[in-house]
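Q: I have a protein model in front of me, and I would like to learn how to read its features one by one. Could you guide me through it?

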Amino acid sequence: AGPGAAPRPGWIRPSSLFVGARWRGMAPAAPLLPLPPPLLLLLLGRPLLGAPGQGAGTWSRFARLPYPQDQLFLHDTFPDGFLWGAGSAAYQTEGGWRQGGKGASVWDTFAHRPATPPGSVPPGPAAGDVASDSYNNLFRDAEGLRRLGVSHYRFSLAWARLLPNGTAPLNPAGLAHYRRLLGRLRELGVEPVVTLYHWDLPQGLQDAFGGWASPVLPQLFCDYAELCFRHFGGQVRYWLTMDNPYVVAWHGYGTGRLPPGVQGGPRLGYRAAHHLLQAHAKVWHLYNDHFRPTQRGKVSIALSSHWIKPQHMTEKNIKECQKSLDFVLGWFAKPIFIDGDYPESMKSNLSSLLPEFSEVEKKYIKGTADFFALSFGATLSFQLLDSHMKFQQLESISLRQLLYWISSEYNNPQIFIVENSWFVSGSTKRDDAKYIYYLKKFIMETLKAIRYDGVNVFGYTVWSLLDGFEWHRGYSIRRGLFYVDFQSHDKKLMPKSSVLFYQKLIEKNGFPPLPENQPIEGIFPCGFAWGIVDNYIQVNTTPAQFLDSNVYVWDVHQTKKLIKVDGVFTSKRKRHCVDFAAIRLQVSLLQEMHVTHFHFSLKWSLILPLGNLSLINHTLVHYYQCFASELLRVNITPVVALWQPMAENQELPVSLAKYGAWENPETIQAFVEYARFCFKSLGDHVKFWITMNEPSVKNLTYTAGHNLLKAHAKAWHLYDKEFRRSQKGKISIALQADWVEPACPFSRNDQDVADRILEFDIGWLAEPIFGNGDYPQVMRAWLHRRNSIDLYNFHLPYFSQDEKKLIQGSFDFFALSHYTTTLVGWEKEDALKYDHYLEVQMINDITWLHSPSRAAVVPWGLRKLLKWVKSKYGNVPIYVMANGIDDDQNLMHDKLRVYYIQNYVNEALKAYTLDNVNLQGYFVYSFNDKTAPKYGLYSYVANQYEPKPSMKHYREIIDNNGFPGPETPELVCPEEIASCPECHFFRTRKSLLAFISFIFVAFIVTIFFITYYSRRVERRWRGKNRGTRVCGAGSSR
C-alpha cells in the first residue's frame, strides 16, 4: 500500500534525458517555478576566488547550497565555442602490436606474461594485441568522429611505434601512420589533442634503465617529445605530455598492479613520480622555448583524480578529505600550478619517503602547464585508488565539486576535461543506458560548475570513441560510444544509443530549455477534488467520561483521586458522535488544510472479524459513521475504500486469509456481503466509494488477481442495482500506476520492454475493467512465450463470456495512485536489478532528485501516465488518488516535498489544460506521520500534530485552485450547498412523505371544518337563547 508498494523491488523510479527534439521517451525535467536567472546565479554562485589554496572551503560551501534547487537538472547551454570531443589511447585501441616495425611496450610484456598476480591482467587474448584494430582502420574511426560532430579528438602516440626501442632511430611506418591520422582530422575539421605518453613505455627503456625509476628517463622523454613536436606540431594546438602520472608511478613502480609491475613500495613509487614531474617540466620548457613561437600551441599534463566527501561535516574530517586530494591530485598539481613543490600534508606525513626538489627545480617546474587537463572517471575513481589514500572518508563521483576544488585550490585555471565517462558490462551491446545516464550526470555537473560556480571549463572529452582494451579490466567492461565486436574480423563500428545522445547534445551545445520543461499557469475547473489520503484513519473508540455509568467519590483529603463506589450506577445515555475526541481533532486538521475530499480505507478485518455477518463490530461501524458525518458537516467529502491490502493478512479477516485469501473463490462472495453491509451502514454519508485500493500486483498471483477482479465487479454491480438510485454515489477501483520509461528512447527493444511492464503493472487489472473485459494480449503472448521456452508454468486464467460482461465497464471513474517513474531496458547490466521473468533491466538516472528512500522525483511521469490512460481507455474521468514522497523527518527533505507537490500538480494541470485529460481530482499522500511515518503533511511528535511547510504550500495551491497568473481568466464557481446527511431519510421516502403530507393536510382541513361548524352552531344557540330571554321579559311586564 502507498509508495511502498512499488511494482518490483529495486526499481528506482525516472529528468530530462535527451536534448533537442521531442524524442519518444524523452524525459524533460519539471523545475520549480524558476527564479530569474540573475537572482538564481546570485543565490547559487560564489565570490570571486582569492589566493590559491582555498580548496578546503569546498565541502562547507556545497553543504550550504539551497536544497533541492541546487540539485535540480539545469536546462542551459554551454558557452559559445565550448569544445566537444572524444578520446582514445593507443594501447587500448590501436592493436597492430607487431605491425609496421612497432616495438614492444611494457603493456605488451605485462599482458603476455605466463603467470600474473591476482588483480592484474590475465595472460593470453586479454591484451591489446589487436584490440579495436584502429591501426588498420584509421578512416573507420574518423567516420565515427564525423558522425558525432565533435570539435576535437584526443588520442595518444605510441612511443614504441615511433621509436621502437624508446630512442632513435625513428620508425618511418609509425610516422606515416600518425601523419595520415592528422591529415584526416584536418580534412574533417577536427582539432587533434595529442598525448605523448599514455602508459605504454617502450620495453627497451624499462629493460635498459629501469623505466621511470631512473633519472635518465626525463631527458629521453624530452628527446621523444622534440621528435613529435618537430614532425606533428604544425597540425597540433593541444599537447598533453602524459596521462595520469599517479597510476604510472604508484601502481607501475609502487604496488606493481600495472606495468611494468615493479613492486618497489612507496619509496620507489614516489621516486618515479619525481622523475615524471621532471620529465613533464622539461617537455613544457622545450615547447615553450623552441616551438611555441611558430606553432602557437598549448601544453599541459592530464591529471586524474577522485572526489572525496567527509563522513561527518567536522573540521577533522574535512582536513582528511583535503589530505586525500593532496596525496592523489595535489601530488602533481601543486608543483605545477602553485609553487613547484609537493603539498605540505605529503611532506609532513611522508618525511624521508618523499624526494625533495631543489629551489632551482621548484622554479623550473612551477607554471609548466598552459591549462589544467583533468581526467575523471572509472579508471581512478573506485578502481585504482588505494584505500589508505581515502583517509577513512567516503569516495564520491561528484565532478562538479572536484572542478570547484581545483578552481579554488589552483587559482582558477582554465580547465579542459580530457577524459570522462563511466562504463558498462562487457556483454552490453548497443543500448548502453547506464553509460548514457552517467554521461548525462557528468556533463550536467560540468554545466553547473560553469554557470553556478564560475569555474572556467572550456572543453569536454568523452571517453572513449570506441570500445577497446580497458587496462586492468581487460574486455570485461566497455567505455566506447561505438560498439566493437572483438571476435569479428573486420571490427566494424556500430553506434550505441550513447552516440545519438552525445550527437544531439553537441548539436544543441548542452541542455537548452524546452517548452515542456517549463511550468504553466492556469487553474482547475469548478468542483475539482482537492484531497488528502490516510490509508487508515486513527480509530479511538474509547468511551467518553459522560458514558461511564459508575459513581465516584473524590478523596480530597488523602489520595486526591476519584474512588469508584461499588454497586452504585447511574442510567446510561445513548452514544453520540461528539463522544469521540479523536474525530474532532482529525477533522479540525483537515479543515486547516482546506481540502475538499478525504480518502481513507475501512478495516474489513475489524468490521467483520469472522469474515461474515455473524459478528459485527458495531462500535467501529458507529465510529466510521460519525467520522463521515463530521466530514460532511464541514463540507469535506469522504472517499472510502472498502479494502486496502496491508502486510498482515493483506488486511483480510483471519478466517479468509487462513484459507487462501484471494486464491479462494469463496472470498469473492464474502467481499460482496461485506460491501453490501458497508453500503447499508455508511451509504447515507458516503457518496464516493473505492472497492479496492492499490491491490499490489507484485504480491498477486494470477488466480488471486482473477478472483479480485470478479469481486470488484460484483460489488460494483451490487451498488449500481441496489444502492445507486437512493444513495446517488459513485464507485470504482483504485490502481497503483507508476510510470515506466524506456531507458534508451532511441531503442525499439527498450520501448517494447516499457510497454510490456505497463501492461503487467497496470493493464493486468485495468484492461478487463476499462477495456475489453479480458487481460491484455501482451500478457497472454508473453506468458505463452515464457511457458514454451522455460520451465515456468504461469497460467493466466480465462474469463467466461458472462464474466467478461460482468467485469467490463464496472467503473464510474479511473482512480490511480502515482508516486514515481522507472527507467527500463532490455540489456542485462546489473543482476541485482534485473527481472528474469519479464526480461527487464531497471536503470537509474542519477541526475534525478531522490527521496531518502531513493524514490525518484519525476513530475513529468504523471503527465505521461495520464495521457497514456486517456489514449488507452478513452476520455474516462480520472482521479489521482494518492501522490506523495517520504522524508526522514528532516525539514530539509520537506523542502523536497514542497517541490514534489508543486511540480506534480503542475504536470497534472498540463495534462488537464494541454492534453485535455478528463482529470477531476488530485490527492496528496499522506495526511500525517502518525499513520504513515515520513509521508505526512503533519508531523507527529510528543502526541502533537504540527503542520509542515509542505502542508501550507499545498493549502495555497488549493486556495488558488492551481497556479493562476496575470492572464488567467477569473473562474466564478457557484456556492456549494452544505451536505445534509440527516436529509437522506426524507429524500429516499418521497411516497411516504407524500402520503403523510396528505394525511396532515386532511387532518388540518378536518380540524378547520370542525372548528368552523362548531362555532356556527354555538352562535345559533346563543342567538336563540337571547331571543327567549327578551320575550319572557315582555310578558311579565
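**Reading the model, feature by feature**

A: Let us begin with a single residue: aspartate 752 is partly exposed, because its relative accessible area is 34%, and keep in mind throughout that this is a predicted model.

Q: Which residue does the side chain of aspartate 752 meet in a salt bridge?

A: The partner is arginine 748, and the N to O distance in this salt bridge is 2.8 Å. Both residues belong to helix α26, which covers residues 748-770, and they are four residues apart, about one turn of the helix. Arginine 748 also counts as partly exposed, because its relative accessibility is 47%.

Q: How many salt bridges does the structure hold, and are the residues in them buried or exposed?

A: There are 48 salt bridges in the structure, and two further examples show that the surroundings can be of either kind. Glutamate 187 pairs with arginine 184, with 2.8 Å between the closest N and O atoms; the two lie three residues apart in helix α7, about one turn of the helix, and glutamate 187 counts as exposed because its relative accessibility is 59%. Glutamate 907 and lysine 910 likewise form a salt bridge, their closest N and O atoms being 2.8 Å apart, and they lie three residues apart in helix α30, about one turn of the helix. Here, however, glutamate 907 counts as buried, because its relative accessibility is 2%, and lysine 910 counts as buried at 1%.

Q: Which residues are linked in a network of salt bridges?

A: Asp341, Glu344, Lys347, Glu359 and Lys362 are linked in such a network.

Q: How should I describe the protein as a whole, before I go further into single residues?

A: One may start with the secondary structure, which comes to 33 helices and 34 strands, and then turn to burial, where 59% of the 1037 residues count as buried. The accessible surface comes to about 42,900 Å², and 55% of this belongs to carbon and sulfur atoms.

Q: Which residues touch the most other members of the largest nonpolar core?

A: A nonpolar core is a set of buried nonpolar residues joined through their side-chain atoms. The largest nonpolar core here has 309 residues, and those that touch the most other members are Leu157, Trp212, Trp239, Tyr502, Leu602 and Trp689. A second core, separate from this one, has ten residues, among them Val193, Leu240, Ala302 and Phe416.

Q: Where is histidine 818 placed, and is it buried or exposed?

A: Histidine 818 is in the loop between β24 (814-817) and β25 (821-825), and this residue counts as buried because its relative accessible area is 0%. Leaving aside residues up to four places away in sequence, histidine 818 touches a set of residues that includes Asp738, Trp739, Leu862, Asn883 and Tyr904. Its side chain also reaches the backbone oxygen of alanine 737 at 2.9 Å. Sequence separation and distance in space should be read apart from each other: histidine 818 and tyrosine 925 are 107 residues apart in sequence, while their C-alpha atoms are 9.7 Å apart in space.

Q: What should I look for in the backbone itself?

A: Most residues other than glycine have a negative phi, and most peptide bonds are trans, so departures from either pattern deserve a look. A cis peptide bond joins tyrosine 925 to serine 926, with omega near 20°, and serine 926 lies in the loop between β31 (919-925) and β32 (938-941). Another cis peptide bond joins alanine 168 and proline 169, where omega is about 15°; proline 169 is in the loop between α6 (159-162) and α7 (172-188).

Q: Which phi value does glutamate 651 have, and which does asparagine 916 have?

A: Phi is near 65° for glutamate 651 and near 60° for asparagine 916. Glutamate 651 sits in the loop between β20 (637-643) and α23 (654-658) and is buried because its relative accessible area is 9%, whereas asparagine 916, in the loop between α30 (891-913) and β31, is exposed because its relative accessible area is 53%.

Q: Which residues form a nonpolar patch on the surface?

A: The patch includes Phe1000, Ile1004, Phe1008 and Tyr1012, and its residues together have about 1,100 Å² of accessible area. Phenylalanine 1008 lies in helix α33, residues 990-1036, and counts as exposed because its relative accessibility is 53%.

Conventions:
Residues numbered from 1 in each chain as written. Predicted model: local features only at pLDDT ≥ 70, side-chain atom pairs only at ≥ 80, totals over all residues. Heavy atoms only, no water. Core = buried A, V, L, I, M, F, W, Y, C linked by side-chain atoms within 4.5 Å. Buried < 20%, exposed > 50% of the residue type's maximum accessible area, 1.4 Å probe, protein only. Contact = heavy atoms within 4.5 Å. Polar contact = N/O pair within 3.5 Å; in protein donor to acceptor, adjacent residues only side chain to side chain. Patch = residues over 30% accessible without salt bridge, like charges linked within 9 Å, V, L, I, M, F, W, Y side chains within 5 Å. Areas by Shrake-Rupley, 256 points an atom, 1.4 Å probe, with all protein chains shown as cover. Salt bridge = Lys/Arg side-chain N within 4 Å of Asp/Glu carboxyl O.
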